[in-house]
Amino acid sequence: MRPILLTAVILGFSCVAHAEGDEARDPRISLALSTQEKAQFLAEMRRMLVSIQGIVQGVGAEDRGLIIDSARASGNRMARATPDAVRNKLPREFKEIGAPTHMLFEELVVRAETDDMQTLMTFTGTLMDQCVKCHALFKVD
């Protein structure tokens, strides 16, 4: 699937899911963060989205440096920078998705050195499966 089409499909599904969802019946688990923790956490999620955008853009432009820089921004360094107050509130199930996701970003850094662009895009899809899985299970409210 072409990077632009992939992005359009993802954004379309997220808009439809939000438009059809009833907030009162949202079955996702709340992470129960304070206002400040919520701001920190959501800033981290936005940085991960920017990483994905940079990776997709890098694959489309066949720019390995952009792929590497974008993936590295959401790797283990990001995970280690999560404030303890936030990290301590996250349930085990969240961590079981989050830690491997950061590792997938790290793996993408390595793969970007040699893998062909189609393989990198497929791997990015695998990485995004983790994002979708997490967003389907958890919410920040």
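Here are some exercises with worked solutions on this structure, which is a predicted model.

**Exercise 1. Getting your bearings**

Work out how many helices and strands the protein chain has, and in which pattern they follow along the sequence.

*Solution.*
- Start with the count: the protein chain has 7 helices and 2 strands.
- Next, walk along the sequence, and you'll meet them in the pattern α-β-α-α-α-α-α-α-β.
- Now look at how the chain folds back on itself. Take the contacts with a separation of 6 or more: 77% of them are between residues 24 or more positions apart.
- Finish with the outside. The accessible surface comes to about 8600 Å², and carbon and sulfur atoms account for 59% of that.
- As for the inside, 35% of the 141 residues are buried.

**Exercise 2. Into the core**

Find which residues have the most contacts inside the largest nonpolar core, and which elements give two or more residues to this core.

*Solution.*
- The largest nonpolar core holds 31 residues, and Phe41, Ile67 and Leu108 have the most contacts inside it.
- Which elements build it? Those giving two or more residues are α2 (35–61), α3 (64–72), α6 (92–111) and α7 (117–137).
- Of these, α7 supplies the largest share, with 8 residues.
- Now zoom in on Phe41. If you skip residues up to four places away in sequence, Phe41 touches Leu31, Leu33, Val86, Leu90, Phe94 and Val140.

**Exercise 3. Two helix pairs**

Describe how α2 packs against α3, then how α2 lies relative to α7.

*Solution.*
- First, know what to look for: a packed pair of helices is described by the angle between the axes and the distance between them.
- For α2 and α3, the angle is about 165° and the axes are 8 Å apart.
- An angle over 145 degrees counts as roughly antiparallel, so α2 and α3 are roughly antiparallel to each other.
- Who makes the contact? On the α2 side you'll find Ser51, Gly54, Ile55, Gln57, Gly58 and Val59, and on the α3 side Leu66, Ile67, Ser70 and Ala71.
- The crossing of α2 past α3 is left-handed.
- Now turn to α2 and α7. Their axes come within 10 Å and cross at roughly 160°.
- That makes this pair, α2 and α7, roughly antiparallel.
- Here α2 passes α7 in a left-handed crossing.
- Met45, Ile52, Ile55, Val56 and Val59 of α2 meet a group of α7 residues that includes Met117, Leu120 and His135.

**Exercise 4. Buried spots in loops**

For Leu33, Thr82 and Asp115, say where each one sits, decide whether each is buried or exposed, and list some contacts.

*Solution.*
- The cut-off you need is this: buried means under 20% relative accessible area.
- Leu33 is in the loop between β1 (29–30) and α2. Its relative accessibility is 10%, so Leu33 counts as buried.
- Beyond four places in sequence, the contacts of Leu33 include Phe41, Val86 and Val140. Asp141 is another of the contacts of Leu33.
- Leu33 and Asp141 are 108 residues apart in sequence, yet their C-alpha atoms are 7.7 Å apart in space.
- Thr82 belongs to the loop between α4 (76–81) and α5 (84–87). With 9% relative accessibility, Thr82 counts as buried.
- Leave out its neighbours within four places, and Thr82 is in contact with Glu44 and Arg87.
- Asp115 lies in the loop between α6 and α7. At 18% relative accessibility, Asp115 counts as buried.
- Apart from neighbours within four places, Asp115 is in contact with Arg64 and Leu120.

**Exercise 5. Positive phi values**

Check what sign phi has at Ala32 and at Glu62, and whether these residues are buried or exposed.

*Solution.*
- Keep the background in mind: most residues other than glycine have a negative phi.
- Ala32 is not a glycine, but its phi is positive, at about 50°.
- You'll find Ala32 in the loop between β1 and α2. Its relative accessible area is 53%, so Ala32 is exposed.
- Glu62, also other than glycine, has a positive phi near 55°.
- Glu62 sits in the loop between α2 and α3. With a relative accessible area of 59%, Glu62 is exposed.

Technical notes: Residues numbered from 1 in each chain as written. Predicted model: local features only at pLDDT ≥ 70, side-chain atom pairs only at ≥ 80, totals over all residues. Heavy atoms only, no water. Core = buried A, V, L, I, M, F, W, Y, C linked by side-chain atoms within 4.5 Å. Buried < 20%, exposed > 50% of the residue type's maximum accessible area, 1.4 Å probe, protein only. Helix = DSSP H or I, 4+ residues; strand = E, 2+ residues; numbered from the N terminus. Contact = heavy atoms within 4.5 Å. Areas by Shrake-Rupley, 256 points an atom, 1.4 Å probe, with all protein chains shown as cover. Axes fitted to C-alpha atoms, helices over the stretch in contact; angles between N-to-C directions. Parallel < 35°, antiparallel > 145°, perpendicular 65-115°, else oblique. Left-handed = near helix turned anticlockwise from the far one by under 90°.
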